[in-house]
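Please open the structure in your viewer and keep the selection panel at hand. This tour moves from the pair of chains to single elements, and at each stop it suggests what to select next.

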There are 2 protein chains.
Amino acid sequence: MTIKNEVRRLAQKAKSAAEAVALLSASQKNKILLSVAREIRKKKNFIIAENKKDLACTRSAGLSGAMVDRLTLDAERIDGIASAVEDVVMLKDPIGRIIEKWKRPNGLSIQKVTVPLGVIVIIYESRPNVTSECASLCLKSGNSVILRGGREAFRSNKAIASIYQQILKSNKIPVEAVSLVETPDRSIIDELVQLEGLVNLVIPRGGEALIRRVMEKSRVPVIKHYKGICHVYVDQTADTKMAENIVMNAKVQRPGVCNAMETLLVHKKIAPVLLPHLAQKLIEKGVELRGDLETQKLVSGIKRANQKDWDTEYLDLILSIRVVDDTSQAIKHIQEHGSGHTDAIVTRSKKAAEEFVKKVDSSSVMVNASTRFADGNQYGFGAEIGISTDKVHARGPMGLEGLTSYKYIVRGKGQVRT
Amino acid sequence: MTIKNEVRRLAQKAKSAAEAVALLSASQKNKILLSVAREIRKKKNFIIAENKKDLACTRSAGLSGAMVDRLTLDAERIDGIASAVEDVVMLKDPIGRIIEKWKRPNGLSIQKVTVPLGVIVIIYESRPNVTSECASLCLKSGNSVILRGGREAFRSNKAIASIYQQILKSNKIPVEAVSLVETPDRSIIDELVQLEGLVNLVIPRGGEALIRRVMEKSRVPVIKHYKGICHVYVDQTADTKMAENIVMNAKVQRPGVCNAMETLLVHKKIAPVLLPHLAQKLIEKGVELRGDLETQKLVSGIKRANQKDWDTEYLDLILSIRVVDDTSQAIKHIQEHGSGHTDAIVTRSKKAAEEFVKKVDSSSVMVNASTRFADGNQYGFGAEIGISTDKVHARGPMGLEGLTSYKYIVRGKGQVRT
């Protein structure tokens with residue numbers, strides 16, 4: 001069978017499975033997910049054994065320590081995977097919710113009701129827990145999922161997916177509701193994302209190269225997650241202690257994630273008070289600072305930030321700093337260099353806060369809070385299928401709701417159009 | 001200047017204009033739109049004169065009568081265009097609406113607030129009133145619009161767009177908030193839809209070939225409107241009089257539109273009572289019937305429907321008819337042959353209605369009402385920018401809300417993540 005045919009068959013089966021999953025009640029879905037969690041705990045040793053095979057290949061392939069760590073599953077992490085499934089059970093069922101209802105003058109009653117999307121393709125890398133996260137969220141939202149994980153985690157992913165399939169089977173649901181692409185050939189992704197009519201949404205969870213490749217080939221909607229070049233702007237009226245705390249947290253707490261700060265903007269009137277001490281604290285934490293001329297005047301011995309720095313997502317202990325004239329200039333900098341992910345202002349001025357909130361067109365705009373809060377769990381969504389840097393369908397942290405569509409149900413008494 | 005550069009410049013200007021339009025208050029936007037309506041009425045003769053030039057070219061190009069009619073503007077139609085703008089003024093402002101707000105245990109207060117999408121590209125054909133419709137809806141929702149109308153309506157479209165630009169200018173808004181692509185070269189569309197980061201949404205309002213072409217080239221989200229193969233299923237418990245009215249309305253009232261019925265499914269128990277009389281009425285109205293074997297037994301002298309018929313959007317006075325065993329078979333037929341647009345059931349059985357509503361995965365599902373109601377105006381949206389046959393972002397009739405995105409505004413008192 002050619003790859004084209006193989007992929008099409010896979011998607012067709014996922015589509016019929018989706019029809020079955022869409023009809024499950026909330027309690028049926030929760031029952032399945034609880035069984036999955038139980039089975040994951042029960043099969044801990046099996047998963048660890050499969051994971052060890054992945055790890056063995058990885059070591060011979062010479063992966064970095066960080067990547068090996070991301071890939072490794074132990075008893076505790078598997079427990080975490082099972083608990084995460086139980087957390088999904090506790091979430092409100094997103095399907096069948098009446099978003100709006102109204103009556104028309106001609107007596108028609110209209111309801112706008114949430115429905116599943118259908119078949120969702122998720123392409124991801126490394127961490128095998130993503131397999132379970134995505135499968136549980138797609139099932140909970142009444143969708144089928146086609147999973148395509150990284151090759152290095154293949155056996156671990158397959159072990160986890162097989163548990164889902166086993167539970168689906170024992171509940172008489174087509175196992176293709178959770179499908180794992182087994183063919184290593186990368187061209188399979190290109191084929192998958194062209195299956196308009198069979199696949200309803202593609203979520204590439206990976207680096208920019210992956211997303212761009214998917215975008216180029218795709219004929220179905222894609223939720224994109226490009227970079228997060230996040231800013232913190234410290235206004236002249238800011239509480240300096242608060243500003244310090246927020247800046248430290250946004251940069252240092254976990255520098256490798258998309259909602260970490262990459263650029264600090266400081267109002268010129270507060271810069272002399274704030275920057276020398278704050279810079280010292282950052283340097284103590286191992287942060288490399290790159291400043292504009294004004295910053296260099298206040299903090300000696302740091303590198304000059306160049307044009308490229310303002311547009312770079314470091315994902316590392318590096319921070320660019322610019323001193324700005326006012327809130328407008330800070331906003332302008334963000335409009336020019338930001339990525340529309342998350343930006344924060346620290347201020348005691350209501351006026352500055354409102355200007356910032358209104359003019360900064362980012363999926364999350366923070367006032368007096370760390371950029372690190374831009375996250376599905378922190379927002380209370382309970383789970384996060386991704387963070388969208390797109391404005392269409394879903395924007396920012398994307399929970400279960402992002403995996404739904406809606407339909408209009410119109411009930412009449414024989415009305416016809418005149 | 002190459003087309004690539006020209007298009008990029010156009011989109012960049014539309015993007016800066018979008019930043020200005022996004023900040024307008026509801027009353028500022030309404031004031032602009034009311035001025036536009038007034039100016040359209042005032043410049044009636046100018047628009048008619050420009051339209052006449054289009055018509056002159058069209059006649060030499062040998063367009064069909066229907067197309068010439070769609071293109072023609074007279075005093076009454078221009079009045080209609082102006083009134084439609086006034087109707088948009090009356091709509092609730094879709095921007096700045098708090099969709100949800102909540103507080104987190106750590107004291108963060110979160111609001112999910114509607115914002116404009118940014119720059120919207122609309123590609124359309126023939127009718128010049130679409131120019132004004134799209135421009136008014138995009139302005140009302142705080143977006144910039146790049147319009148690409150049909151070549152045959154170029155002067156008419158330009159006349160209408162120029163009125164928008166004149167009013168924008170006198171209100172000190174960048175005129176590029178309403179841009180009309182003037183270059184006739186079709187490759188300009190291919191370039192436009194690749195401008196990721198500058199264009200936020202593409203809405204092709206035209207035939208399938210246009211949509212497919214856009215989909216193939218696009219790197220930005222596209223709202224698709226494929227065909228409407230709409231079904232009416234008459235259940236055994238249906239009121240036959242009601243069934244007749246709905247079928248006649250769905251087929252005959254305006255056969256050339258996407259929410260008209262293309263296939264009639266009739267329960268075998270009601271077929272002998274319903275079909276002979278109904279068929280006669282349809283034939284009287286000039287409808288060509290194509291039936292399955294069972295239908296042919298009940299209605300003599302009609303053609304046999306072939307496999308292709310079940311998958312065809314006739315957009316004409318042609319109707320396929322199939323007799324089915326029960327509701328399940330009707331649903332299965334719709335799942336196999338429908339296009340997910342609009343399908344209706346006529347029934348007195350609550351159970352049949354609920355099964356149909358639950359299992360038919362179409363953007364509009366009607367119970368005892370004509371498929372012809374699937375329409376933004378009929379749903380009370382006041383205006384319709386298109387009908388989406390996609391499930392992502394917007395589904396079904398799409399009003400102002402479909403032209404918005406949202407952002408999260410998070411307000412704290414210095415919270416950091418632990």
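Before the first stop, one term is needed: two residues are in contact if their C-beta atoms, placed from the backbone, lie within 7 Å. With that in mind, colour the two chains separately and look at where they meet: 98% of the interface residues of chain B are also interface residues in chain A, so the copies meet through the same surface. Please remember throughout that this is a predicted model, which scores ipTM 0.93 and pTM 0.93.

**Stop 1: one chain by itself**

Hide chain B and show chain A alone, where the mean pLDDT is 95 and 100% of the residues reach 70 or more. Its secondary structure comes to 15 helices and 16 strands, and along its principal axes the C-alpha trace of chain A spans about 70 × 70 × 35 Å. A compact globule of 418 residues would have a radius of gyration near 22 Å, and the 24 Å of chain A agrees with this.

**Stop 2: the two copies together**

Bring chain B back, and ask what rotation superposes chain B on chain A. The rotation is 180°, with 0.0 Å of shift along its axis and an RMSD of 0.0 Å. The two copies are thus related as by a two-fold rotation axis. To find this axis in the viewer, select B:His393, whose C-alpha is the nearest to the axis in chain B, at 1.8 Å from it.

**Stop 3: the side of chain B that touches chain A**

How many residues of chain B are in contact with chain A? There are 55 of them, and they are in contact with 54 residues of chain A. Among the elements of chain B that each supply at least two residues to this side are strand E2 (109-116), helix H10 (240-252) and helix H15 (350-359), and strand E16 (404-415) belongs with them. Select E16(B) in particular, since with 11 residues it gives the most to the side of chain B that touches chain A. If you colour this side by class, you will find 24 nonpolar, 18 polar and 13 charged residues.

**Stop 4: strands that pair around E16(B)**

Keep E16(B) selected and add strand E13 (residues 364-369) of chain A, which pairs with E16(B) in the parallel sense over five bridges. Within this pairing, A:Val367 has B:Arg411 as its bridge partner, while A:Ala369 has B:Gln415. Now add E2(B), which is joined to E16(B) by eight bridges and runs antiparallel to it; here the bridge partner of B:Val115 is B:Ser405.

**Stop 5: a sheet within chain B**

Finally, select the open sheet of four strands in chain B, which has the order E5-E4-E3-E6 with parallel pairing. Strand E5 (178-180) and strand E6 (201-205) stand at the edges with a single partner strand each, so one side of each is left without a neighbour in the sheet. On average, neighbouring strands of this sheet are turned by 20° against each other, direction ignored.

Look next at strand E3 (residues 119-124), which pairs with E6(B) in the parallel sense over five bridges, and where B:Ile123 has B:Pro204 as its bridge partner. Two helices of chain B can then be added. Helix H6 (residues 129-140) packs on the sheet and touches E3, E4, E5 and E6, with its direction at about 165° to that of E4(B). Helix H9 (residues 208-217) also packs on the sheet, touching E3 and E6, and its direction makes about 160° with that of E6(B).

How values were computed. Residues numbered from 1 in each chain as written. Chains lettered and ligands numbered in written order. Predicted model: local features only at pLDDT ≥ 70, side-chain atom pairs only at ≥ 80, totals over all residues. Least-squares fit on C-alpha atoms with pLDDT ≥ 70 in both. Nonpolar A, V, L, I, M, F, W, Y, C, P; charged D, E, K, R; others polar. Pairing = 2+ DSSP bridges. Axes fitted to C-alpha atoms, helices over the stretch in contact; angles between N-to-C directions. pLDDT = per-residue confidence, 0-100. Rg over C-alpha atoms; globule rule 2.2 N^0.38 Å.
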